[in-house]
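Trainee: Could you take me through one part of this protein slowly, beginning with a single bond between two side chains and then working outward to what lies around it? I would like one connected account that I can follow with the structure open beside me.

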Amino acid sequence: MNNRIHALVLGITAAMLGACGGGGSSDDGTGTSSQSTEQASTNDKSSTRSIARPLTDSISELAHASCDQGEHLTGNRSYRVEMPSRVDGAAIVFQVFEPAQFDCQTEHPLILQGHGFSGSRSTDAGDDPLAPIAPLVSAGFTVISIDQRGHGESGGSIRVMDPDFEGEDLVQIVDWAESHLDYLKYRDDNLLLGGIGGSYGGGFQYLLYNVDPDQRMDAMVPHITWHDLTYSLNPGNVTKNYWLAFLSLVGDTGTGGSMDPYLRSTLVNGIVEHGVPDPALDFFHYHSPSYFWDNERGLELFDAGNTQEYLLAPITGRIPVTSDGRYVIKTPQSNPYPVDVLMFQGMRDSLFPFNDAWENYKVLKAAGGDVRLLTYPFSHHYLAPNAGLVQETLANLGFYLEALPELPDAGLNTLASCGDISANQAAVAWFNDKLLDRGDADNVITTGNQICYTLTPGDAVSTPEVTVGGARFPVAFDLAGNAIEVTAFTGVSGLLPTIVPLTTLEEDGLIAGIPTATLNVGSPLSSLDEQCLDESDPIFSTGTCDAILFAGVGVIKGGVGLPELIDEQVHPIRGFGEHAFEMVGVAERLNAGDQLVLLLYGQHPTFTGAFSRDLAATAVSVGGEVALPLLTPDGQQAL
């Protein structure tokens with residue numbers, strides 16, 4: 001049994017690396033398709049769409065199929081295309097997958113597919129849930145799989161979905177498709193366009209949706225991606241050091257050192273300096289959907305053009321900050337327009353947690369599209385060390401052992417489902433419904449418009465909405481009827497959590513949604529609260545009251561034994577004073593007798609090395625309350 005479990009974990013990890021890294025494949029291992037190359041200049045156009053924006057010359061590996069000319073309509077071909085970027089001339093490389101069979105009467109919508117960070121485009125049609133190219137081309141779609149800027153064979157440096165670079169490249173790819181493929185499908189004179197991909201491959205979809213001046217995106221299926229990178233990487237002003245280190249290492253090793261110097265230095269300095277400076281946070285915010293919809297950091301447009309208004313640093317190179325401290329951005333905000341979105345997020349994801357998807361969901365739902373939110377066991381947490389992964393595996397041995405024989409063929413599909421709803425089947429049904437007016441997506445997405453929460457692998461529940469907050473419980477110890485604030489330990493002293501009892505369930509139920517908390521953190525000796533120093537030594541910050549805690553919701557099964565941190569999710573709390581915040585979303589099935597507790601850690605693996613070093617604040621007092629989204633077992637109402 002142990003060997004089978006080991007094989008299963010190795011298989012899932014390999015599949016996860018392929019997914020987060022993009023998993024691009026080729027027949028000859030070079031990144032270029034090994035099928036016979038029929039080089040063809042692709043500047044000639046028949047009755048394809050005329051694009052007002054200028055197009056650069058492009059070279060295609062094969063001559064394009066054409067319904068107008070009646071040429072190359074055998075279908076099911078795949079070929080490479082390259083063209084220089086309109087922005088800076090860097091190579092843009094992508095793979096065109098033709099539909100399995102051409103229908104020049106019905107025509108074929110276009111789906112863009114994007115890989116994960118440090119990955120590359122797909123050159124073979126597979127059925128990975130983040131790149132389900134085979135089922136899409138079989139269903140009649142044209143798919144373009146993209147080498148994002150700085151990845152694979154595309155040139156330029158990686159800027160993490162910069163509107164001024166990656167965004168412009170994406171618009172250019174869609175312009176190319178409209179100008180060269182005369183078999184694409186339109187509705188009301190608008191290209192029928194979809195997107196699919198996970199992590200970085202989810203981020204590109206939101207970027208194109210926000211920057212395309214023609215608003216051509218009609219349907220999206222983004223997996224495990226972000227809303228605001230400042231929240232994903234630096235929540236509560238505490239750096240996720242594990243992920244900063246992982247992304248900096250994987251980003252350069254997977255792309256041959258293609259990361260932009262400013263991005264590289266920001267990730268490394270965030271670990272070393274125990275924080276991220278404001279210009280870098282502006283950088284991350286600008287590269288997020290949140291900038292376009294909320295612009296919470298108040299970024300202002302400033303186009304330096306070709307002037308010398310940049311500050312230069314000898315190590316990091318060109319930094320996008322003007323001499324008076326302004327961050328240089330060129331792309332304005334956009335108003336969300338209706339788009340149909342089927343989003344998947346991992347409940348245990350410690351990089352892009354459930355809250356990221358929830359924020360995207362709220363905005364796009366309000367814009368008027370058909371927007372669905374589902375979760376599954378699959379996420380970035382398979383690439384991160386955490387005790388929760390071990391607990392999850394041991395608690396669900398039956399599921400994993402049953403899935404083991406299917407793993408070599410099924411790959412990530414083993415984990416990419418919310419209950420009985422397969423991500424692959426749902427994606428194809430979604431595009432069939434939204435882009436081809438065929439079938440009914442609700443036949444596959446059986447939760448309809450409700451939120452689908454994965455509780456454990458194979459067990460899911462739907463709820464009418466996302467519950468934020470809920471039943472409120474005090475954070476205090478009650479001694480003989482007298483409530484006193486909790487004393488929690490920070491830094492190395494807080495390796496084991498402080499356990500604060502909240503409630504014991506009298507009946508079966510769920511916790512599903514986003515807990516909230518209002519906590520007051522101070523010195524155990526209240527008279528010291530006003531003696532915090534503004535500045536101190538840069539390493540330990542002694543006397544600054546720079547206390548850091550990590551708060552999560554735990555469960556003690558049956559009220560006996562050690563607590564389990566639900567979904568291995570914590571939210572950081574930094575500094576003295578009152579903190580009102582949304583905790584990280586969780587979903588867990590509960591039984592009568594289970595005790596829910598607040599767990600206060602001094603450090604956590606996701607934030608490795610980011611903990612309080614202030615020797616004057618090794619212990620802090622914590623008071624306030626926590627609100628928990630407790631629901632009935634069917635998820636339909638509050639418990």
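Mentor: In this predicted model, the link of Cys 418 and Cys 452 is left-handed, with -105° about the S-S bond. The two residues form a disulfide, and their sulfur atoms are 2.0 Å apart. Cys 418 lies in strand S15 (residues 417-418) and Cys 452 in strand S17 (residues 451-456), so the pair ties together parts that are 34 residues apart in sequence. If you look for this pair from the outside, bear in mind that both Cys 418 and Cys 452 are buried. A disulfide is a covalent bond between the sulfur atoms of two cysteines.

Staying with strand S17, we come to Thr 454, which lies in that strand. Thr 454 is buried because its relative accessible area is 5%, and the cut-off for that word is under 20%. Which residues does Thr 454 touch, once its neighbours within four places in sequence are left aside? They are Met 347, Thr 375, Tyr 376, Pro 377, Ser 417, Cys 418, Gly 419, Asp 459, Ala 460 and Ala 587. Cys 418, one of the residues on that list, is also a partner in the disulfide with Cys 452. Thr 375 deserves a second look as well, for its backbone oxygen lies 2.7 Å from a polar atom of the side chain of Thr 454.

A search of the whole structure finds 2 disulfides, and the other bond can be set beside the one we began with. Cys 67 is joined to Cys 104 by a disulfide with an S to S distance of 2.0 Å, and the link is left-handed, with -80° about the S-S bond. Cys 67 lies in the loop between strand S2 (59-60) and strand S3 (78-84), while Cys 104 lies in the loop between strand S4 (91-97) and strand S5 (110-114), so this pair ties together parts that are 37 residues apart in sequence. As for its surroundings, Cys 104 counts as partly exposed, at 31% relative accessibility.

From the strands and loops we can turn to the helices, taking helix H8 (residues 278-286) as the place to start. H8 is mostly covered, since 7 of its 9 residues are buried: these are Ala 280, Leu 281, Asp 282, Phe 283, Phe 284, His 285 and Tyr 286. The buried residues of H8 pack against helix H5 (229-233), H7 and helix H9 (289-293).

The meeting of H7 and H8 can be described in detail, for their axes come within 11 Å and cross at roughly 120°, and the crossing is left-handed. Tyr 262, Leu 263, Thr 266 and Leu 267 of H7 make the contact with Pro 279, Ala 280, Phe 283 and Phe 284 of H8. Sorted by class, the residues of this contact divide into 7 nonpolar, 1 polar and no charged. Ser 265 also has its place in helix H7, and this residue is buried, with a relative accessible area of 14%. Between Ser 265 and Ala 280 there are 9.7 Å in space, C-alpha to C-alpha, although the two are 15 residues apart in sequence.

H7 (residues 261-272) also packs with helix H6 (residues 241-253), and here the axes come within 9 Å and cross at roughly 150°. H6 passes H7 in a left-handed crossing. On the side of H6, the contact is made by Asn 241, Leu 244, Ala 245, Leu 247, Ser 248 and Asp 252, and these meet Arg 264, Leu 267, Gly 270 and Ile 271 in H7. By class, this contact has 5 nonpolar, 3 polar and 2 charged residues.

Moving on from H8 towards H9, you reach His 287, which is found in the loop between the two helices. His 287 is buried, with a relative accessible area of 3%. Leaving aside its neighbours within four places in sequence, His 287 is in contact with Arg 159, Val 160, Met 161, Asp 162, Pro 163, Trp 226, Leu 229 and Tyr 327.

To place these details in the whole, the protein has 14 helices and 33 strands, and buried residues make up 59% of its 639 residues. Among the contacts with a separation of 6 or more, 75% are between residues 24 or more positions apart.

Key
Residues are numbered from 1 along each chain as its sequence is written. This is a predicted model: local features need pLDDT of at least 70, side-chain atom pairs count only at pLDDT 80 or more; totals for chains, interfaces and linings use all residues. Side-chain values use heavy atoms; hydrogens and water are left out. Axes are lines fitted to C-alpha atoms, for helices over the stretch in contact, and angles run from 0 to 180 degrees between N-to-C directions. Helices (H or I, at least four residues) and strands (E, at least two) are DSSP runs, numbered from the N terminus. A crossing is left-handed if the near helix is turned anticlockwise from the far one by less than a right angle, and right-handed if clockwise. Contact means heavy atoms within 4.5 Å. Ala, Val, Leu, Ile, Met, Phe, Trp, Tyr, Cys and Pro count as nonpolar, Asp, Glu, Lys and Arg as charged, and the others, Gly among them, as polar. A disulfide is a pair of cysteine sulfur atoms within 2.5 Å. Buried means under 20% relative accessible area, exposed over 50%, partly exposed in between (1.4 Å probe, protein chains only). A polar contact is a pair of N or O atoms within 3.5 Å; within protein, one must be able to donate a hydrogen and the other to accept it, and residues adjacent in sequence count only if both atoms are side-chain atoms.
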